[in-house]
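I opened this notebook to keep track of what I looked up in the structure, one topic at a time. The entries cover a helix and then the charged pairs.

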Amino acid sequence: MKGKDLTERFLSGEEIYAGKFITVQRDLVRLPDGSETAREYVRHPGAVAIVALFDDGRVLLERQHRYPHRRDFIELPAGKLEPEEPHFETAKRELLEETGYVAREWTRLALIHPTIAYSDEGIELWLARGLELREAKLDAGEFLEVLALPFDEAVAMVRDGRITDGKTVAGLLWVKAFLQR
Ligand SMILES: [Mg+2]
């Protein structure tokens with residue numbers, strides 16, 4: 001993308017909060033017109049989300065309580081990268097841990113940026129096929145319910161607003177738009 005330079009340049013910054021997996025940063029930046037402003041943003045390690053399809057056309061979803069919204073959401077299996085962990089390893093690990101499934105066939109679909117205004121978070125979307133049930137082993141403090149729905153029903157849930165989670169909307173519609181099934 002060419003055009004005029006829109007870059008905002010770092011002048012100084014501080015970490016204003018360091019949590020278990022996110023940090024909050026506040027930087028002073030120089031804007032393209034020479035003026036200065038503050039940018040507050042969340043640093044995130046990155047994550048993966050998995051569209052896991054059964055041979056019969058169902059897709060694996062999860063119901064989880066998401067505390068910031070004080071309610072349950074239907075979403076794709078997903079998880080954060082461990083330090084130095086490649087995305088593919090995270091995808092295999094999270095699918096097994098959260099749902100108990102392993103997959104014979106893996107395809108990287110896309111990288112999405114769900115929160116560009118205030119976080120550097122990137123989520124890789126992966127497709128998993130050839131599913132085989134093993135045994136889930138949830139992390140301590142992780143509670144979720146796994147469900148398998150017909151893919152078209154999951155897409156209908158995006159349309160009617162029962163699915164609103166960003167990575168889940170993106171993953172389901174990516175597969176619907178670009179994949180021959
Ligand atoms: Mg998760």
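The entries below take the helix first and the salt bridges after it.

**Entry 1, the model.** I note at the outset that this is a predicted model, and I read every value below as computed from that model.

**Entry 2, helix α3.** I looked up the length of α3, which runs over residues 166-178 and has 13 residues. At 1.5 Å a residue the helix should span 18 Å, and I found its end C-alpha atoms 18 Å apart, so the expected and the computed span agree.

I then asked which residues of α3 are buried. The list is K167, T168, G171, L172 and V175. These residues cover an arc of only 125 degrees around the axis, which puts them on the same side of α3. The general background is that an α-helix has 3.6 residues a turn, so residues three or four places apart point the same way. On the other side of α3, I recorded A177 and F178 as exposed.

**Entry 3, salt bridges over the whole structure.** How many salt bridges does a search of the whole structure find? The search gives 22, and I followed up some of them individually.

**Entry 4, R26 and E40.** R26 forms a salt bridge with E40, and the closest N and O atoms are 3.8 Å apart. This pair links distant parts of the chain, since R26 sits in strand β2 (residues 23-30) while E40 sits in strand β3 (residues 36-43), 14 residues apart. I also checked the accessibility of R26, which is 32% in relative terms, so that R26 counts as partly exposed.

**Entry 5, R66 and E75.** In the salt bridge between R66 and E75 the closest N and O atoms are 2.7 Å apart. I wanted to know whether each partner is buried or exposed, and I looked them up separately: R66 has a relative accessible area of 33% and is therefore partly exposed, whereas E75, at 2% relative accessibility, counts as buried because the cut-off is under 20%.

**Entry 6, E132 and R104.** E132 forms a salt bridge with R104, with the closest N and O atoms 3.2 Å apart. E132 lies in strand β9 (residues 123-133) and R104 in strand β8 (residues 101-112), so the pair ties together parts that are 28 residues apart in sequence. E132 counts as partly exposed at 33% relative accessibility, while R104, at 61%, counts as exposed.

**Entry 7, a network.** Finally, I looked for linked salt bridges and noted a network that joins E82, E85, R93, E94 and E97.

Technical notes:
Residues numbered from 1 in each chain as written. Predicted model: local features only at pLDDT ≥ 70, side-chain atom pairs only at ≥ 80, totals over all residues. Heavy atoms only, no water. Helix = DSSP H or I, 4+ residues; strand = E, 2+ residues; numbered from the N terminus. Expected span 1.5 Å × (residues − 1). Buried < 20%, exposed > 50% of the residue type's maximum accessible area, 1.4 Å probe, protein only. Arc of directions from axis to C-beta. Salt bridge = Lys/Arg side-chain N within 4 Å of Asp/Glu carboxyl O.
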